[in-house]
Amino acid sequence: LFLHIPKTAGTAFREAITCNYQYSHLAQIYPDEPGFLACDFGLFPREQRARFRFVLGHFYYGVHEVLPQPSTYVTIVRDPVERAVSQFLFSFPDRCASADGSEQASGLVKTMEKLDSILLDNLMVRLLAGLSDRVPPGDVGEDEYERALHNLRTGFSFVGYQHRAREAYEILKNRFGWKAHESLARGNPGVEWRIKDFEPARSAIEHFNRWD
C-alpha cells in the first residue's frame, strides 16, 4: 500500500512502479480516472480486492482493513515547510499569481489563517494517523500525532524522504523485486520556486503544521 502524501514525489514513484503490475492487480485511489475514491474501495467484491497486489493513492491509513490479504504500507515524507509551500503553489494558483516571492509568502500565510483547507494543516499526520477529512483545520493535536507514530511503527515497512527519493526508490525496487525503470524520473514538478522567498512565512507554516 503506497500512501501517496501530496507533494512528496509520489507521482514519480507511481509512474515508475505501476508498470511492474498487471492492470487488474492495481488499485489506484485518486479522484481522477482511472482512479476511484477511497470510500468506494470497500464496495468492490471481496474476490476483486483479494487480487490486488499494489494499492496506491491519496488515502488515509486504514485502507488495509478492507483487504482480505496481508499487506504493508510504504510512503515518502518531506520537510513540512517545503511540502506546505509546494502544496500552496500547486493547489491555490489563484492566490499566488504574483511573481513577487514576498506576496506569495503573504498569500500562503493568509490561506493558512483562514483554516479552510486541510491540505495546509498537518496533512502528513492526518494521513498517517488515519483521520477523517471531516476533522477540521486546527483540530490536529498530540493524540493524532501519537497515533500517526504508532501507525508508522506498526504498519509501515518503509518510509522514505523526498530529498532522497532516488535512493528510496532503489531500496523499494530491491525489496519488492521491481524490474522496470532503472531510475526515478521527476514527476509532476509543478511551479518552480525558491524556499528563501518563503522565509517570511516560515514561522506561520511551522505554527499551522506543528505536528507534521
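**Asking why the labels fit**

Me: Why does N122 count as buried?
Reply: N122 has 4% relative accessibility. Buried means under 20% relative accessible area, exposed means over 50%, and partly exposed is in between (1.4 Å probe, protein chains only). With 4% set against that cut-off, N122 therefore counts as buried.

Me: What are we looking at, and what was counted?
Reply: It's a predicted model, where local features need pLDDT of at least 70 and side-chain atom pairs count only at pLDDT 80 or more, while totals for chains, interfaces and linings use all residues. Residues are numbered from 1 along each chain as its sequence is written, and side-chain values use heavy atoms, with hydrogens and water left out.

Me: What makes the phi of N122 worth a mention?
Reply: Its sign: phi of N122 is near 50°, which is positive, and the residue isn't a glycine. Most residues other than glycine have a negative phi. N122 is in the loop between α4 (101-114) and α5 (123-129).

Me: Why is A9 put in another class, "partly exposed"?
Reply: A9 has 21% relative accessibility, so it counts as partly exposed. Like N122, A9 isn't a glycine and has a positive phi, about 75° here. Look for A9 in the loop between β1 and α1.

Me: Which peptide bond is called cis, and what is its omega?
Reply: The one from E33 to P34, with omega near 10°. P34 belongs to the loop between β2 and α2 (46-51). Most peptide bonds are trans.

Me: How many helices and strands does the protein have, and what makes a run count as one?
Reply: Eight helices and five strands. These are DSSP runs numbered from the N terminus: helices are H or I with at least four residues, strands are E with at least two. β1, for instance, covers residues 2-3, so it satisfies the strand rule.

Me: How do you know that β1 and β3 pair?
Reply: Two strands pair if DSSP finds at least two bridges between them. β1 and β3 (residues 54-57) have two bridges, in the parallel sense, so they meet the rule. Within β3, L56 is the bridge partner of F2.

Me: What makes β2 and β5 edge strands?
Reply: β2 (26-29) and β5 (156-161) each pair on one side only. The open sheet runs β2-β3-β1-β4-β5, with parallel pairing.

Me: Why is α1 called mostly covered?
Reply: Six of its eight residues are buried, namely G10, T11, A12, F13, A16 and I17. Their cover includes β1, β3, β4 and α7.

Me: How do α1 and α7 cross?
Reply: The axes of α1 (residues 10-17) and α7 (residues 165-176) come within 11 Å and cross at roughly 35°. Axes are lines fitted to C-alpha atoms, for helices over the stretch in contact, and angles run from 0 to 180 degrees between N-to-C directions. The contact (heavy atoms within 4.5 Å) is made by F13, A16 and I17 of α1 with A165, A168, Y169 and L172 of α7.

Me: What would a compact globule with 212 residues look like in radius of gyration?
Reply: The radius is taken over C-alpha atoms, and the globule rule is 2.2 Å times the number of residues to the power 0.38. For 212 residues a compact globule would be near 17 Å; the protein has 18 Å, which agrees. Buried residues make up 48% of the 212, and the C-alpha atoms fill a box of roughly 50 × 35 × 30 Å along the principal axes.
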